[in-house]
Amino acid sequence: MAERLAKKVLLVGWDAADWKVINPLMDAGEMPALESLVNQGVMGNLATLDPPLSPMMWTSIATGMHADKHGILGFIEPAPKAQGVRPVMTTSRKVKAVWNILMQNGLKTHVVGWWPGHPAEPVNGIYISNHYQRAHSPIDKPWPLQPGTVHPKEMESIFDQLRIHPAELSGAHVQPFVQDLAKIDQEKDKRVESLARIIADAATIHNAATYIMETETWDFMAVYYDAIDHFGHGFMNFHPPKMAHVPQEQFDLYKDVVNSGYRFHDLMLARLIELAGPDTTIVLVSDHGFHSDHLRPMGVSKVPAGPADQHSPYGIIVMKGPNIQKDERIYGATLLDVTPTLLPLFGLPVGKDMDGHTLVQAFEEGFIPEMIDSWEDVEGECGMHHKDLQEDPWASQEAMEQLIALGYIDKPDENKQKALDNAVNESQFYLARVYVNKSKFEEALPILQKLWENEKQSRFGFQMARCLLEMKRYKESQAVIDVVRVVAKKEHKENIKKQKEEAKKRLEEAKKKQKEEGKQAKEIQTEPIKQRDKKQKERPFQSPQLELMQGRLDLEIGKYMKALESLEKVEKATPRLPGLHQQLGQVYLKMKLWNKAEDAFNKALSIDPHSAHAHNGLAETYIRQLRYVDGAEAALNSIGLLYHYPRAHFNLGLCLARLKRTERAAEAFEVCLKMAPKMKRPRRLLVRLYKGPLKTPDKAEAHQKVLDEETAS
Amino acid sequence: MITIVSGLPRSGTSLMMQMLEKGGMEVLSDQIRKPDENNVRGYNEYEKVRSLPKDPSWIIEAEGKVVKIIAQLLFFLPRKFEYRILFMERNMDEIIESQSKMLQNLGTTGAKLDPAILIQTFQKQMDQAKAIITQAANIEWIPISYNEILTDPAPTAEKVNVFLGNSLIVQDMASVVDATLYRTRC
């Protein structure tokens, strides 16, 4: 076993925490606890995965694996025995979490509130499930813990007492979030109620965590807080700067909620740091960010998990402790890297089957982690559920379908069946997106084709067209895009119709209520609604994302002018659409309009400075202009944001080779080939470098051999 | 006391029902599902069983009789009754092959799963069912091997008779088994 680098490790999860909100607060001295970690350790972005759905992400954080391996595919899953659906469970996770591996190596672990975390896993410490904090009944009714919430069971009564019901909060607790609490009619505006629930839930989790830290010994402790995500979904639209569609009165009331939520978390973090002690390694992560600026969407898609539109692609990571660098930035981390980074802290090897990598840059100089084929092959008690309790809910559901088809079990009632069908479809869609995210388009395509055949939903067709495009099946991609365009238009019309019906219903309810209350009915202002309807009618339907894809397709098949036409049309309608200028830059690059390309990529970066693709586009533009120093810098920026980006490593290598920094260039090409072994150009350039200035003919020969084999096959 | 013949579909549950009926036990069956090419001697099923998760009230009708309930539904048995379960076991590959044939004959499709995964999943469900009935204080159960019945039915008939309190005619039970018929049907 390698040397143990950490005495104890505390892993803290803040769902949806984002540097864009944190940085101004830290600069103003309003998050001192987090700032102390940052100053004494390393910080960086943590790139999320697609789809950015929290239960999938937190399981990837805890396992170092993508969802196709860990098996958690969304928020819900089929309940056993064809009984509809249920929230995702720990029994469905197919692989070991980091705490299981640690327990297997004799380390004492506690887990609080992880998602999914129910039923509690039988670890060698305490495990509190993510169903623990929810108050399902009013305060005057019994509020029992669900079976399986606390492990060990004997401690249930202690943790039962540590919970806080939202109704226990007073105005004094809520006022730091909403100063003008008295101005709110809480009968009509239920936001304060939901705010109290979020605060109480977080405080409950914190109580359990601090109780464990005060009373138990431990080597590893994981605590997950979901409140920042909830503050975001409920109140980010009121966060400054004011969004145009938000009424001033509501903005004034709720504008402080998000910042206060972060301050609240900093207070809790301060206590965790204090209890952990100075020798403990602390790792703080979030699974994705949350748009808080001009990138905030006006609304969210009317599809399952639509609120995920508000998530941004970068979460946060902070690490502080012995053998960790001080006051440094780390680049290119993804949430898959968390577990492969935690294991070496205990001197344990990283599984080769894990999709993430150890963040070696976070460690003090010269650290190289050890590897093991797979932790899944290591026998022994690890605190996972007994194998009789573990199951693949999706396979179980299919098996139940077989029994229904054979006539031995009734189909569930219509509602349950519908929920089940939806859950199955959604999970398949998410699985396909996981494959797309991993560039496994061949595996994603048949899943998407099946979904598309069953139901023409534009999101299914969109991803299918994308796969076909990536697989260079351009004609088929175009055919699907054409149908998606029609389907999306129809969906748009239906959504407008639904919105109108809902507005009408609300209007009628308001009138009815006024009548019931015996008040004189006020004149209802319908003119703005009519004007909005007129505008909607006049505005031709356009799906910007689809047009972006059309532009990309035209670009791929060499129809540059047509691509430009599509993209300029999108620019007119939605000039700040993320990805648009990136695409335009690509077209200009193909058309050899270097200056225009540079402008376009810079514009893309002014909209989203965290776009790895825009930085890489800029690198390519500089290379064409023979500006290799600028090119290298842009490629490094890109890699810093997204490490697993072979194209950016290639561009970096190219610039370094031109700048005669041949060793570093070779390193960059090697990294590129590790990520994309089928790329030929970096291999050819490596052959040249190894044969020439680097004088290592054996390496040149090895690469040449691969090239020859590929040519022969 | 309620007697239950359980297991997976195509694990020999119908054969055991016929054995018990022939041996003198009263069967709870409505004969709605008629004999067909998959089961030429009939299924001995009771339609209400299928809706056990939603409505278990009918179970009282099974008092003193034998009823067929597949293993996945055992979780839904009301606790206030006493049960004896004959749990049918058969080679899983044979079960899956037989179910596939039955589905084909019914003109329908079943699980969209690789057969190996389907076997694994059914096996897990059987293990779970057995774990539940082992722990339940109101349930007694024994495993019955379908393949052993075909080879030599008498010992199994005797075993079942002992389990059910020596009230059955063992010879008649054994006489039901027509190994050729069952083997060809798989």
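Which residues does A:Asn616 touch, not counting residues up to four places away in sequence? In this predicted model, the residues that A:Asn616 touches under that condition are A:Ser638, A:Tyr645, A:Arg647, A:Ala648 and A:Asn651. A:Asn616 itself belongs to helix α23 (residues 612-624) of chain A. Its relative accessible area is 2%, a value under the 20% limit, and A:Asn616 is therefore classed as buried.

A second buried position in chain A is A:Gly640, with a relative accessible area of 8%. A:Gly640 is placed in helix α24 (residues 628-641) of chain A. When neighbours within four places in sequence are left aside, A:Gly640 is in contact with A:Tyr331 and A:Gly332. A:Gly640 and A:Ile330 are separated by 310 residues in sequence, but their C-alpha atoms are 7.8 Å apart in space.

The strands of chain A were examined next. An open sheet of 9 strands in chain A follows the order β7-β6-β5-β8-β1-β9-β12-β2-β13, and its pairing is mixed. The edges of this sheet are formed by β7 (150-151) and β13 (328-334) of chain A, each of which pairs on one side only. Within the sheet, strand β1 (residues 9-14) of chain A runs parallel to strand β8 (residues 220-225) of chain A, and the two are joined by 6 bridges. In this pairing, A:Val9 stands opposite A:Phe220 of β8(A). Helix α2 (residues 32-40) of chain A packs on the sheet and touches β1, β2 (42-47), β9 (281-285) and β12 (314-320) of chain A. The direction of helix α2 makes about 70° with that of β12(A). Helix α12 (residues 338-345) of chain A also packs on this sheet, where it touches β1, β2, β8, β9, β12 and β13 of chain A. The direction of helix α12 makes about 165° with that of β1(A).

Chain B contains an open sheet of 4 strands, in the order β2-β1-β3-β4 and with parallel pairing. Its edge strands are β2 (66-68) and β4 (139-145) of chain B, each paired on one side only. From one strand to the next, the twist averages 20°. Strand β1 (residues 2-6) of chain B pairs with β2(B) in the parallel sense over 3 bridges, and B:Thr3 has B:Val66 in β2(B) as its bridge partner. Helix α1 (residues 13-22) of chain B packs on the sheet, touching β1, β2, β3 (83-89) and β4 of chain B, and its direction makes about 165° with that of β2(B). Helix α5 (residues 153-163) of chain B packs on the sheet as well, touching β3 and β4 of chain B; the direction of this helix makes about 175° with that of β4(B).

Aromatic residues were considered as pairs and as a cluster. A pair of aromatic rings is described by the distance of the centres and the angle of the planes. Over all chains, the count comes to 19 aromatic pairs. The ring centres of A:Trp99 and A:Trp114 are 5.5 Å apart and the ring planes are at 70°, so this pair is edge-to-face. A:Trp99 lies in helix α5 (residues 98-104) of chain A, whereas A:Trp114 lies in the loop between β5 (109-112) and β6 (127-128) of chain A, so the pair ties together parts that are 15 residues apart in sequence. Both A:Trp99 and A:Trp114 are buried. For A:Phe177 and A:Phe264, the ring centres are 5.9 Å apart and the planes are at 85°, so this pair is likewise edge-to-face. This pair links distant parts of the chain, 87 residues apart: A:Phe177 is in the loop between α7 (171-174) and α8 (191-215) of chain A, and A:Phe264 is in helix α11 (residues 257-276) of chain A. A:Phe177 and A:Phe264 are both buried. One aromatic cluster is formed by A:Trp58, A:Trp99, A:Trp114, A:Tyr127 and A:Tyr224.

Charged groups are also placed over rings. The charged end of A:Arg163 sits over the ring of A:Trp143, 3.8 Å from its centre, and that of A:Lys456 sits over the ring of A:Trp452, 4.9 Å from its centre.

The largest nonpolar core has 84 residues, and A:Trp99, A:Trp114 and A:Phe220 are among those with the most contacts inside it. Helix α14 (residues 414-437) of chain A supplies the largest share of this core, 8 residues. Apart from it lies another core, of 74 residues, including A:Val21, A:Ile126, A:Ala196 and A:Val318.

How values were computed. Residues numbered from 1 in each chain as written. Chains lettered and ligands numbered in written order. Predicted model: local features only at pLDDT ≥ 70, side-chain atom pairs only at ≥ 80, totals over all residues. Heavy atoms only, no water. Phe/Tyr/Trp six-rings, centres within 6.5 Å; stacked < 30°, edge-to-face > 60°. Buried < 20%, exposed > 50% of the residue type's maximum accessible area, 1.4 Å probe, protein only. Lys NZ or Arg CZ within 6 Å of the ring centre and 35° of its normal. Core = buried A, V, L, I, M, F, W, Y, C linked by side-chain atoms within 4.5 Å. Pairing = 2+ DSSP bridges. Axes fitted to C-alpha atoms, helices over the stretch in contact; angles between N-to-C directions. Contact = heavy atoms within 4.5 Å.
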